[in-house]
Amino acid sequence: MTERAHLAVVGAGPAGLAGALAAADRGVRVTLVDAAEQAGGQFYRQPARALGARRPEALHHQWRTWRRLREGIERHIAAGRITHLTDHHVWAVQRASDSSFTVYALRGPAEEEGATVRADAVLLATGGYERVLPFPGWTLPGVVTAGGAQAMLKGALVLPGRRVVVAGTGPLLLPVATGLAAAGARVAALVESAAPVALLRGAPALAAEPGKLAEGAWYAGQLMRHRIRTLSRHSVVEAHGTDRLTAVTVAALRNDGRIRPGSARRISCDTLAVGHGMLPHTDLAETLGCTLSGPTGTAVRVDDEQRTDVPGVWAAGETTGIGGAALALAEGHIAGRSIAARLRGVAPDPRSWAASARARARLRRFFAALEAAYAPPAGWADRLTDDTVVCRCEEVTAGAVRTAARSLGAGDLRTVKLFTRAGMGWCQGRMCAPAVAGLTGCPLTAGRRPFARPVPLGVLAALPDD
Amino acid sequence: MVGAACALYAARAGLDVRVVDRGPVAGGTTGAGEGNLLVSDKEPGPELDLALLSARLWSRLGDELGTAVEYEPKGGLVVAAAPEGLTALHAFADGQRHAGVEAHPVDADQLPFLEPHLATGMAGGVHYPQDAQVMPALAAARLLRVSGARLHTGWTVTGLLRGPDGAAAGVRTDRGDLHAPAVVNAAGTWGGELAALAGVRLPVLPRRGFVLVTEPLPRMVRHKVYAADYMADVASDSAALRTSPVVEGTAAGPVLIGASRERVGFDRSLSLAAVRALAAGAIGLFPFLERVRALRTYAGFRPYLPDHLPAIGPDPRAPGLFHACGHEGAGIGLATGTGQLIAQTLTGKAPDLDLTPFRPERFDTDGGDTP
């Protein structure tokens with residue numbers, strides 16, 4: 001199937017939807033390409049239709065914003081201005097010599113059929129993925145990512161377990177803990193490695209965001225209401241169990257990030273939802289040749305109009321730096337307006353999106369302050385025992401990575417990968433790269449992944465000839 | 001890889017060796033290589049002689065280092081789809097046998113015993129037991145470690161030091177000078193730039209290749225299997241994209257599919273035309289691959305010289321400078337022989353092979369960095 005559209009939007013989360021809507025409102029024909037069965041992305045993840053949920057809004061914030069967005073998109077779909085391709089998993093975007101673009105996707109839940117979309121411009125709204133940091137026992141069944149637990153709750157309306165510990169660092173832990181508790185799980189503890197005082201250091205930027213403060217206060221109320229014990233400046237140091245998780249050991253952290261001796265205690269649980277923040281999805285942008293930047297060198301660089309440095313390619317949302325749904329909406333909106341103008345060959349007037357630009361500036365400051373506060377605790381990598389698996393796909397242990405670094409002289413992610421196979425498997429290092437970087441003390445750089453997803457050779461062999 | 005082998009054999013010959021690289025170990029073409037140790041794709045001549053010497057040395061290193069470098073003497077299988085191709089392949093193999101290659105014709109009905117999942121309807125093939133495989137990055141790292149040479153990774157060579165007599169006396173780097181009476185240029189695809197620092201011309205150019213890597217599979221492909229037209233592509237002078245599938249299983253599980261060849265400079269961007277051709281060719285050899293997923297693809301830049309032979313040995317234009325580069329797509333395989341020959345010339349011994357065909361200055365007379 002080949003369609004001709006003016007704008008291809010990759011990703012139907014907040015950024016992609018806002019961009020598609022803003023562009024379609026201004027007469028651009030849009031094809032929205034997304035891997036999920038329904039629009040919404042992770043933030044506005046919808047329960048599967050078959051479940052017939054009556055009150056999905058109970059699990060969501062900003063339901064009104066979402067409804068407005070969805071109604072706008074549906075209006076354009078009905079009018080034929082937006083085509084929404086669901087279950088389309090994009091594995092590459094290529095820019096042709098005539099400056100047009102081809103989006104390559106795999107269709108269907110089995111991702112076995114090829115599909116292409118032609119476009120004159122592309123908006124990359126590919127979102128982010130969770131940063132996973134290993135610890136002894138993290139591969140036991142019953143240990144899930146915080147985002148994974150949230151997706152189960154929002155998308156499948158199921159709880160990952162009965163007695164849950166939520167742990168790690170970052171603002172995602174609050175909605176996960178309160179969401180699980182509200183849905184009926186017993187949340188035995190919320191274990192946050194950052195100290196409340198760390199948040200104060202970013203106080204001016206944080207206080208400038210009254211909406212976020214109110215949100216924080218609301219969560220604090222929810223934690224009290226569900227009697228969730230919060231252990232700040234604590235970390236899960238080990239997960240226990242033989243066939244599956246039965247308990248975790250948590251310990252208090254000193255100011256230098258080390259374990260405070262004698263502080264370890266055991267908490268029994270059947271589920272551990274662990275998260276350490278998010279990383280931007282940059283594969284498609286990197287293969288298109290977009291420059292990556294950002295504090296960790298792993299986000300797509302954009303200008304004030306959300307343009308990347310590759311002509312015809314815009315990016316918005318988490319892919320340009322982690323900042324949550326409200327920032328994604330603002331960036332997507334600006335991108336959509338910029339695209340609508342640029343496709344007509346005129347320069348857009350930034351005053352037309354002044355409110356979004358102000359929100360963007362404020363939220364970027366806010367999340368920069370949050371990121372500094374919620375950094376993984378220093379010394380976490382030293383606590384990995386040599387037999388802890390860090391790369392699950394290829395079953396590479398922390399000991400093997402240390403050996404590659406110490407005795408074979410590997411000093412960067414690519415060389416560690418070549419020597420140990422860490423990062424060569426199914427996830428292509430998305431999962432283990434932060435751990436390998438922590439173990440070897442090398443910077444976390446964005447990997448080069450020309451295939452953003454595994455592609456059947458039969459699909460490659462049948463690619464259209466152009 | 002070639003530098004690591006030079007370091008190993010030079011150290012074993014009693015020399016004190018330093019290895020300088022502006023990147024990490026195996027950061028250039030080695031890290032993008034498949035680890036082919038092939039005699040099967042070479043016609044009789046100096047390169048085949050070097051390949052046979054190298055194969056013997058690799059086999060010894062395989063005994064010594066074993067699984068640490070994932071050495072696998074798995075053998076190669078070259079197949080021909082049509083009878084005409086098979087006739088040409090047999091003639092080619094006859095010539096190789098006279099040069100010392102083990103090459104056994106395989107009838108069409110015998111192919112399934114060697115490769116049960118091979119496409120049916122092939123005309124026949126030739127089995128090359130001397131072909132082998134190694135994991136190139138691990139091999140480079142292990143050889144360096146075993147050599148005991150001091151490693152200076154992340155140091156960039158910026159110039160050649162010269163003694164009062166004008167002979168090479170070491171290298172200047174961005175981290176300081178390293179003094180040595182002999183300098184070996186094993187800079188691979190960037191060997192021409194290093195030669196230029198010494199004021200001599202060595203027309204090494206990049207020839208891009210893509211490799212496709214599949215999801216891990218149980219052992220479905222036992223040998224290095226490729227179509228007979230691969231040899232024609234290797235020897236080709238064409239700048240345009242040429243692909244002929246080389247399919248092999250690995251100890252770790254994934255199937256590797258090479259090898260496209262095109263001259264496009266150092267352009268790393270994804271070429272869907274190249275991966276499409278690789279995928280189609282591989283499915284032609286092994287139909288089961290159609291539903292197998294490629295997890296990744298990457299590009300490497302083979303260092304080639306106009307006559308497709310490497311430069312090995314002392315450079316008479318720059319006394320004290322030795323070259324060991326320009327091995328095109330065979331650098332992993334030819335590394336051991338090259339290292340041994342370099343060690344022999346460094347220590348004044350007679351080299352195992354006549355180095356005349358590999359003279360680094362040969363392009364000054366025949367003029368040829370064309371076409």
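## How chains A and B meet

Put chain A and chain B together and they bury about 3200 Å² between them, 62% of it on carbon and sulfur atoms. Buried area here is the accessible area (1.4 Å probe) that two parts lose on being put together, summed over both. L408(A), F451(A) and L457(A) supply 21% of the area that chain A buries against chain B, more than any other three residues.

A word on the basics: this is a predicted model, where local features need pLDDT of at least 70 and side-chain atom pairs count only at pLDDT 80 or more, while totals for chains, interfaces and linings use all residues. Residues are numbered from 1 along each chain as its sequence is written, chains are lettered from A and ligands numbered from 1 in the order in which they are written, and side-chain values use heavy atoms, with hydrogens and water left out.

Back to the contact (heavy atoms within 4.5 Å): chain A brings 36 residues to it and chain B brings 37 residues. Ten residue pairs are in polar contact between the two chains, both residues at pLDDT 80 or more. Such a contact is a pair of N or O atoms within 3.5 Å; within protein, one must be able to donate a hydrogen and the other to accept it, and residues adjacent in sequence count only if both atoms are side-chain atoms.

Salt bridges (a side-chain nitrogen of Lys or Arg within 4 Å of a carboxyl oxygen of Asp or Glu) come to 30 over all chains, and the count between chain A and chain B is one. Here are two of them.

| Salt bridge | Closest N and O atoms |
|---|---|
| R291(B) with E112(A) | 3.2 Å |
| E72(B) with R219(B) | 3.4 Å |

E72(B) lies in the loop between α2 (46–65) and β3 (76–80) of chain B, and R219(B) in the loop between β12 (205–216) and β13 (224–227), so the pair ties together parts that are 147 residues apart in sequence. Helices (H or I, at least four residues) and strands (E, at least two) are DSSP runs, numbered from the N terminus.

Strands pair across the chains too: two bridges join β24(A) to β16 (residues 293–304) of chain B, running antiparallel. Pairing takes at least two DSSP bridges. P456(A) has R293(B) as its bridge partner in β16(B).

Within chain A, β14 (residues 234–241) and β15 (residues 245–252) pair in the antiparallel sense over seven bridges. A hairpin joins β14(A) to β15(A) through three residues, and A239(A) stands opposite V248(A) in β15(A).
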